[in-house]
Amino acid sequence: MPNASAMPQASAPRVSSGRAAAPLPSGFARYRLLPEDELTQDSLAQPARVINAPVNANLHAIDASIRAQYVYAAGQGDAASQFNLGLMHDLGVGVAADEAKAIEWYGKAAAQGYAPAQCNLGAMYLSGRGVPKDAVRAFEWMYKSAVQGNRAALANVCVMHASAKGVARDDARATRLICEAAARGNARAQFRLGVMCRTGIGATRDDARAAEWFARAAAQGYEDAQHITDWLAAQQ
């Protein structure tokens, strides 16, 4: 098991003083940080949503020539190309969907320390796609990615600490990690931190700070943040 104390940490919000939670708009009451956070299923079970990698910009228009270049470079040990092949097989883009091949190529890139591949490999272990479910191995790969600063992996490790998936539950650490992921630009973490500041759950209530985090997530196209930002504007 990795030494969790080695994880880079960001300054966490102050612990809530216990004041009554601020109301959220209709339909947003479901948003919580702990202990059962919906982020778990969204970000870990659906690899397309946890990819933060410099992949080919035209991934959905890959032709045989580009695919051949990836295959050649991957065979020469290029980790980014190995990751791209894993991603193509994972999503069924440019090739037939094949979870076993996705695992194979993600694994080759992950073994070289390529953070996006480590993150996606962890996602597949957690959901049991192409491999038997193994939350402990999922956490180990997510952790390796997170310590390199991968934003998606940071958010995912946060959720795994919060929900005791593959690692001991640690609410304080989950809060610190979500701050780290938000500071690095992960939109889902920014939204979640906004909820924490708005409700006073896991952090001292701070409506101004909440609005700032919602706005950051909304600027990245995060739909839930856009909805709540519109709702906040309508209250003024």
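## Getting to know an all-helix chain

Reader: How many disulfides does the count come to?
Author: Keep in mind that this is a predicted model. A pair of cysteine sulfurs has to lie within 2.5 Å to count. Take Cys197: the closest cysteine sulfur, in Cys179, is 7.6 Å away, which is too far for a bond. By this rule the count comes to 0 disulfides.

Reader: Is Cys197 buried or exposed?
Author: Buried means a relative accessible area under 20%. Cys197 has just 1%, so this residue falls on the buried side. Cys197 also belongs to a separate core of 12 residues, along with Tyr222, Ile228 and Leu232 among others. The verdict for Cys197, then, is buried.

Reader: What does the secondary structure come to?
Author: Walk along from the N terminus and you meet α after α in the run of elements. There are 0 strands in the protein chain, and the helices number 11.

Reader: Which helix gives the most to the largest nonpolar core?
Author: That core has 43 residues, and Phe83, Tyr106, Leu121, Met142, Met160 and Leu193 touch the most other members. Elements giving two or more residues include helix 3 (79-91), helix 6 (135-146) and helix 7 (151-163). With 8 residues, the one that gives the most is helix 7.

Reader: Why is the pair of Phe83 and Tyr114 called tilted, and not stacked or edge-to-face?
Author: Phe83 sits in helix 3 and Tyr114 in the loop between helix 4 and helix 5, 31 residues apart, so the pair links distant parts of the chain. Both residues are buried. Planes under 30 degrees apart would be stacked and over 60 edge-to-face. The ring centres here are 5.7 Å apart and the planes are at 50 degrees, so the pair is tilted.

Reader: Which residues do ring pairs link into a cluster?
Author: The structure holds 5 aromatic pairs. Phe139 and Tyr143 form one of them, with centres 6.0 Å apart, and both lie in helix 6. The cluster itself is made of Phe83, Tyr106 and Tyr114.

Reader: Lys144 lies over the face of which residue?
Author: For a charge to sit over a ring, NZ of Lys has to be within 6 Å of the ring centre, among other conditions. Lys108 gives one such case, with its charged end over the ring of Trp105, 5.8 Å from the centre. For Lys144 the distance to the ring centre is 4.5 Å, and the residue beneath is Trp141.

Note on methods
Residues numbered from 1 in each chain as written. Predicted model: local features only at pLDDT ≥ 70, side-chain atom pairs only at ≥ 80, totals over all residues. Heavy atoms only, no water. Buried < 20%, exposed > 50% of the residue type's maximum accessible area, 1.4 Å probe, protein only. Helix = DSSP H or I, 4+ residues; strand = E, 2+ residues; numbered from the N terminus. Core = buried A, V, L, I, M, F, W, Y, C linked by side-chain atoms within 4.5 Å. Phe/Tyr/Trp six-rings, centres within 6.5 Å; stacked < 30°, edge-to-face > 60°. Lys NZ or Arg CZ within 6 Å of the ring centre and 35° of its normal.
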